[in-house]
Amino acid sequence: MQSKFKATLMACVLAAGLVPAQVGAQSITLSLETSTPTGAGGLVASHMAEVAAERGIATIQVQTGKTLTKSIQQVAEGQTDIVSTPLVLYALLSRGLGPYGKLGKEKGAALAANLRLLYPYHFSSFQLFAYESTGIDSWDKLEGRNVFNGPPRGGALTMARTMIQLTTGLKDGENYNGKQVAWGQADSLFMDGSVDAAVRNATFPAEFMPLYSSAGRMNIVSVPVATFESEAFQKWAKGPGQSPMIMAISEMGYGDDVSVISEDNMFRAVAATGGDTVHKDMPNDLAKALTAAFIETNSELLAKTPWAPGNRYGKIDNETMGICNAGIKLHPGALMAWEEAGFDVPDCAKP
């Protein structure tokens, strides 16, 4: 790992071109990999590149468009320094399951043991969207309809199918027609009427909503209270990498072109949780400085985009973040930063 913290002078590289090179004479260069530059992880990545440079902590080279399944393993192997990590992927790696099945349980657990969390956040929440003209204003009305529920394979598809079944009892292919396309085709599929609704991950407000609502008035439907509070739904919603999510409709950021449907002016969904992770061998002082910078500049991060507050940046409690069920631990340096900032860190997250 020592080679990963080499002394060098390099400008911050951001695929989105958002951050100027205001680095000065940094002596540490770190690599950070994330998926989309406009997503939850991408927002944190660009922000951390800025503040780490401004504070003289490090030069962070950000690479976007990465497959996080692979990036997480690279951090665990010491090839990359920081990665945006869905906690469900950490849980799968620790068990040698899913995309890490070829590694096996023993090797997967050994690699996962090398990962430590700096700060958590929500990637997105799974929600039901439909044009008002479809008449879909409840989850039960998905019966017999064509529904986009994610890409052809992966965690998003599994999560959407499970959420529909737990909420309505409806099964893909039996009670409704699930349609799967790559994310790049999802918007056109929805807008041209090829599907009646979508159950997919989104922010609050959804970053794609201006596009969708330009073609017609939209409905967004909350999970019913009775379903949300049921034992079965809560057990699933609190699974590794997930957390029950409740938000006041007034805080969701929508205008008159969107109807948010709920029984009590509160919106209920399930969040996909995650955070930025590093190798356990990252020096404590460096991990502490990065985490402190994240905490101390949280108000700046929340002001960068309307949907940032909904991603719960700056929260560390288990109820919001679901850290305990994922089984991941904070880096010792990160723990110091959180506790010195006055936060109560869940015991399960302490190294």
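## A short tour of four stops

Start by selecting Pro205, which sits in the loop between β7 (197-202) and α7 (209-213). Keep in mind that this is a predicted model. Now show the backbone and step back one residue: the peptide bond joining Phe204 and Pro205 is cis, with omega at about -5°.

Next, jump to Asn265. You'll find Asn265 in the loop between β10 (258-261) and β11 (266-279). Check its backbone torsions: phi is positive, about 65°, although Asn265 is not a glycine. Switch on the surface and ask: is Asn265 buried or exposed? With a relative accessible area of 59%, Asn265 is exposed, because anything over 50% earns that label.

While you're on positive phi, select Arg312. Here phi is near 60°, again in a residue other than glycine. Arg312 belongs to the loop between α11 (298-302) and α12 (318-321). What about its accessibility? Arg312 comes in at 18%, so it counts as buried, the cut-off being under 20%.

Last stop: Arg268, in strand β11. This arginine is buried too, with a relative accessible area of 7%. Show side chains and look for its polar partner: the side chain of Arg268 makes a polar contact with the side chain of Asp264, at 2.9 Å. Then which residues does Arg268 touch, leaving out those up to four places away in sequence? Select Ser222, Val223, Val225 and Phe228, then add Met245, Ile246 and Ser262, and you have the set around Arg268.

Methods
Residues are numbered from 1 along each chain as its sequence is written. This is a predicted model: local features need pLDDT of at least 70, side-chain atom pairs count only at pLDDT 80 or more; totals for chains, interfaces and linings use all residues. Side-chain values use heavy atoms; hydrogens and water are left out. Helices (H or I, at least four residues) and strands (E, at least two) are DSSP runs, numbered from the N terminus. Buried means under 20% relative accessible area, exposed over 50%, partly exposed in between (1.4 Å probe, protein chains only). A polar contact is a pair of N or O atoms within 3.5 Å; within protein, one must be able to donate a hydrogen and the other to accept it, and residues adjacent in sequence count only if both atoms are side-chain atoms. Contact means heavy atoms within 4.5 Å.
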